[in-house]
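Before reading on, please take a moment to look through the sequence and turn the model around on your screen. The report below goes from the whole chain to a few of its residues.

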Amino acid sequence: MPSVWVGKATQLSSFGRPLASWSKLQNMKVLNGLAFLITLLVAALTWALYLLEPGLLIGTPWGPLHVAFALLGAFVLGLGVTGLYVLTGWVNAQTALSKRNRELRQVRSELEALKKQHPEETPVIPDRIP
């Protein structure tokens with residue numbers, strides 16, 4: 001994608017957005033691809049271990065369990081714990097954003113109340129008549 005240099009520090013994409021947002025998008029693509037490859041690798045390793053070593057059994061109270069299934073279960077459990085961490089971070093971010101929006105609405109309402117109390121002090125820009 002072509003890009004344009006504006007000044008020394010800012011490089012804009014052809015759509016006029018800073019390239020920082022594009023690099024974040026690229027990072028997410030790389031991370032999603034890496035997560036997909038790791039999942040495929042674990043699935044292939046589990047399948048190969050199950051087919052190539054059928055005698056790898058662990059004794060459990062519910063009967064023998066193949067090591068490949070224990071590996072797969074550990075991977076799924078790790079994904080679940082990671083998902084809980086991500087969910088917790090998302091909930092914390094939403095809480096912080098709602099608190100910030102609440103404060104912003106309060107400040108705006110206070111500003112509007114002050115404007116109504118003292119309309120003579122509000123500057124009027126000629127081309128922006130309210």
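What follows describes the overall layout, the confidence, and then three local features.

## Layout and confidence

This is a predicted model, and its chain contains two helices and four strands. If you follow the sequence from its start, these elements come in the pattern β-β-α-β-β-α. Buried residues make up 4% of the 130 residues in the chain. Among the contacts with a separation of 6 or more, 14% are between residues 24 or more positions apart.

The chain has a mean pLDDT of 83, and 80% of its residues reach 70 or more. Confidence is highest in helix H2, at 93, whereas it is lowest in strand S1 (residues 3-6), at a mean of 48. Over residues 1-9 the pLDDT is below 50, although this stretch does have 16 contacts in the model beyond near neighbours in sequence. Where pLDDT is low, the predicted coordinates should not be read in detail.

## A hairpin and the histidine in it

Strand S3 (residues 57-60) pairs with strand S4 in the antiparallel sense, and four bridges are found over this pairing. The two strands, S3 and S4, form a hairpin, with two residues between them. His66 belongs to strand S4, which covers residues 63-66, and His66 is the bridge partner of Leu57.

Is His66 buried or exposed? Its relative accessible area is 4%, and because buried means under 20%, His66 counts as buried. Leaving aside neighbours within four places in sequence, His66 is in contact with Leu49, Tyr50, Glu53, Pro54, Leu56 and Leu57. In addition, the side chain of His66 reaches the backbone nitrogen of Ala68 at 3.0 Å.

## The aromatic pair

One of the residues in contact with His66, namely Tyr50, also takes part in the one aromatic pair that the structure holds. The partner of Tyr50 is Phe69; the centres of the two rings are 5.1 Å apart and their planes stand at 45 degrees, so the pair is described as tilted. This pair links distant parts of the chain, since Tyr50 lies in helix H1 (residues 19-52) and Phe69 in helix H2 (residues 67-117), with the two residues 19 apart in sequence.

## The salt bridge

The structure also holds one salt bridge, in which the side chains of Glu112 and Lys115 meet at 3.9 Å, taken from N to O. Both Glu112 and Lys115 lie in helix H2, and they are three residues apart, which is about one turn of the helix.

How accessible are the residues of the aromatic pair and of the salt bridge? The table gives their values one by one.

| Residue | Relative accessibility | Class |
|---|---|---|
| Tyr50 | 40% | partly exposed |
| Phe69 | 42% | partly exposed |
| Glu112 | 41% | partly exposed |
| Lys115 | 37% | partly exposed |

Partly exposed is the class between under 20%, which is buried, and over 50%, which is exposed; Tyr50, at 40%, therefore counts as partly exposed, whereas His66, at 4%, is buried.

Technical notes: Residues numbered from 1 in each chain as written. Heavy atoms only, no water. Buried < 20%, exposed > 50% of the residue type's maximum accessible area, 1.4 Å probe, protein only. Polar contact = N/O pair within 3.5 Å; in protein donor to acceptor, adjacent residues only side chain to side chain. Contact = heavy atoms within 4.5 Å. Phe/Tyr/Trp six-rings, centres within 6.5 Å; stacked < 30°, edge-to-face > 60°. pLDDT = per-residue confidence, 0-100. Pairing = 2+ DSSP bridges. Salt bridge = Lys/Arg side-chain N within 4 Å of Asp/Glu carboxyl O.
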